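Colleague: Could you walk me through how the labels on this protein were assigned? I'd like each one set against its cut-off.

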Amino acid sequence: VAFLGLLLGSLASCFLLCPWLLAFLASWASFLASWLPTKAQTLASFSLSQLDALWALSHGRCPLLSKAVRCVQHGGIRQRAASSQVNWQKLAISYLWEEAALAQRQSRAMMRHVWKNYEDRAFGMDELRPISGKGVDSWGGVGQTLVDSLDTLWLMGFEDEFSRATNWVEKKLDFDKDLNVNFFETSIRHLGGLISAFVLSGQAGLLAKAQDLGERLAHAFKNAGEDGGKASSWFSRLGTWLKHYVSLGGGNSGSISGEVAGAQLPWSDVNLRNGVVQNMAGFVSLAEVYVPLEWKALALLTSNCSYAHHQEEVLRLVNDAAGLENKGLAANLMWPNGSAYGVSDNRISLGSRGDSFYEYLLKDLVFIHASSTSPLTQKLWHVFLAHLPQLIVEVDANVTSKPGRLPNQSFYHQRRRSAQLLSSEPWVTTRLPNSQASLSGHSARRRKTFGDSRRGGWFENFNDVRGKWAFMKEVTYQQTVPKMDHLVCFLPGVLALDLFRKEYRTITPTRLSKDQREQLLLAHKLTQTCVHMYFRTQSDMAPEITRFSGHGLVHDLGSMHNILRPETIESVYILWRTTKLQIYRNWGQRLLAAFSRLKTPYGFASLQNVDEPSSLQDEMPSFFVAETMKYFYLLFSPDSALPLDKFVLSTEAHLMPRLDAWAAEARQSGCFPQPSADDAESSPPRESAGASAASQLEQPHEKK
């Protein structure tokens, strides 16, 4: 009886509501036909509040709490004023930009909160502790947070703060210290930060500091000693033996373990005062040997061509030793001569110790602009793209889970499974999709489980909700590892930038080839995976490492911390600039809200466990200010805030000048091939380096 009563009541309600539903659907059909197709978006791209606002605008009314549209009260209904009866689609765009402006203001407020406390409590020190409010020289007392943050201050319009910071750099920053520093970290944070600040401001003292640091770090390119060569030879023979049983990256693996006599990768650590170099861990990391943007920019600005020459030699050495022209991928750990470090846990990975090498293959092409001037870089990037499918894994997250098997238990007991066994699982495929359907196909319904199986947030369309997840796996000598570092989330942004750099305007599918459409689709799917690493946790913050199984994303219980990394928001920003799809800004708004909840009295704290929102950790790395805050600000700013046809962002998000925008300096330095006549004519004349670079950027109207 209860069931029949409920059924009859439902039918009666449906009968009464049908006219309203039909009218609602008709209005939305008109909305879709008139606006969405031109933007290549779906309703799933928008939040409920945005849909409500757009519906109101399409019906002559006003969205709530909006100042973008002038409204009047008429018969108890807020309607657009007569002067505002313009094309409603334009008003819709104004509303969305108003929403973005509020998010931009929030990002500036977060930066102001950090910097005020840094100036008051730790000015000139390496880091500020966000909970205790103490300043610490955790990197040896070289002003790391200050130098790393200079261009962020400039971009956000904090002119007085920038002036005080650069005054400290010119008068008090001293690199003449008996201090061992990491070559890679110091290059991307300090050298890159000083170069970027000089490019933006034109202050000669900043370039002088960068040149002084460059001369000290250049000792890292000294030749290797004989001891390292002998040890390397022994492990090279081990690698030759291993190659008969395994292959990293496919194809002939002989060159991965081969020796390259007489050549030397940069040492990992160098003493700033006496130039003594060493490899602290006994090996060098692939990600840390190749730093072309910072060193080529220094060569451009100082006319010291040896800086650029070192980087070209590093790339040639890695290519010769690892056979990159054939394989496209290299082992992460290497001996100083470029041969693979002979340990069983050495691996091919786009995460820790491998990430920025592949990132810089593309960004070096963006820096030099004319790809013909660096044929090796161009070739290695294209070969990398061709071999990337070997690391792509598609996981069907909707497959029915096995009874009694909880998602967060699976891989702690199965980490040593072989690659062959893992590939035999029915839910794993390791191929690049040939069409959208292969990445967004339907599958069986998944039974609900607690904890790790939760999936939340926005999706671009229904196929994204039901479709397969895209991941990047790791490959060791012995097995395939189903884990994905947060660091890997740089990849979708780089894939999108590769397409965007062709014309530097919003991409539409009709202008792309089939391969390019697949590349853009892969970038979207990987970004979706990265943002849901955040959305699935209790704090909306992603862990350092996430594993994947037949259930989709699962926890790595030993890596649940978050240290405010920027890679995901970086890719979200690049995808927004590339496609202008609202879904990316919506993802960014949710990420911004998650980061803002980590606010402390003195800054923003890291998390010890992302499923315990109160487990704040008294750490705030400098890259949070240098990268994370910068990408949030740029995501919600007009394109003119950072013209990507004039600058390329380094792996630390520092602004490096592109050669075609600095044609005069490129010719004067003599370190780079002369651009063609057409390129030279297309480059506008500039009065001075600093003034020109600064004129390319739009400063915020709001001042402190």
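Modeller: What follows is a run through burial, helix packing, a pocket and a cavity.

Modeller: First, the ground rules: this is a predicted model, so local features need pLDDT of at least 70 and side-chain atom pairs count only at pLDDT 80 or more, while totals for chains, interfaces and linings use all residues. Residues are numbered from 1 along each chain as its sequence is written, and side-chain values use heavy atoms, with hydrogens and water left out.

Colleague: How many helices and strands are there in the protein?

Modeller: There are 27 helices and 24 strands. Both are DSSP runs numbered from the N terminus: helices are H or I with at least four residues, strands are E with at least two.

Colleague: Why does Thr377 count as buried?

Modeller: Buried means under 20% relative accessible area, exposed over 50% and partly exposed in between, with a 1.4 Å probe and protein chains only. Thr377 has 0% relative accessibility, so it counts as buried. This residue is found in helix 16 (residues 375–387). Leaving aside neighbours within four places in sequence, Thr377 is in contact with Tyr290, Leu315, Leu361, Asp364 and Leu365, contact being heavy atoms within 4.5 Å. Across the protein's 704 residues, 58% count as buried.

Colleague: What makes Asp540 buried or exposed?

Modeller: Asp540 is at 10% relative accessibility, so the verdict is buried. Asp540 sits in the loop between helix 21 (514–535) and strand 17 (545–549). Its phi is near 65 degrees, a positive value in a residue other than glycine.

Colleague: And what about Ala653, buried or exposed?

Modeller: Ala653 is buried, because its relative accessibility is 0%. Phi of Ala653 is near 65 degrees, again positive in a residue other than glycine, and Ala653 lies in the loop between strand 23 (647–649) and strand 24 (655–657).

Colleague: Why are helix 12 and helix 15 called roughly parallel to each other?

Modeller: Two packed helices are described by the angle between their axes and the distance between the axes. Helix 12 (residues 292–302) and helix 15 (residues 355–368) pack at about 25 degrees, with axes 9 Å apart. The axes are lines fitted to C-alpha atoms over the stretch in contact, and angles run from 0 to 180 degrees between N-to-C directions. Under 35 degrees counts as roughly parallel, over 145 as roughly antiparallel, 65 to 115 as roughly perpendicular and the rest as oblique. Helix 12 and helix 15 are therefore roughly parallel. Pro292, Leu293, Glu294, Lys296 and Ala297 in helix 12 meet Tyr360, Lys363, Asp364 and Phe367 in helix 15. The residues of that contact divide into five nonpolar, no polar and four charged; Ala, Val, Leu, Ile, Met, Phe, Trp, Tyr, Cys and Pro count as nonpolar, Asp, Glu, Lys and Arg as charged, and the others, Gly among them, as polar.

Colleague: What makes a space a pocket, and what makes it a cavity?

Modeller: On a 1 Å grid over the protein atoms alone, a cavity is a set of points where a 1.4 Å probe fits but cannot get out, while a pocket is an open set with protein on both sides within 12 Å along at least five of seven lines; lining residues have an atom within 4 Å of a point. The second largest pocket holds about 520 Å³ and is lined by 26 residues. Helix 8 gives the most to that lining, with four residues.

Colleague: Which elements each supply at least two residues of the lining of the second largest cavity?

Modeller: Helix 15, helix 20 (491–500), helix 22 and strand 23 do. That cavity has about 100 Å³ of space.

How values were computed
Points joined across faces, edges and corners; volume = space filled by probe spheres on them.
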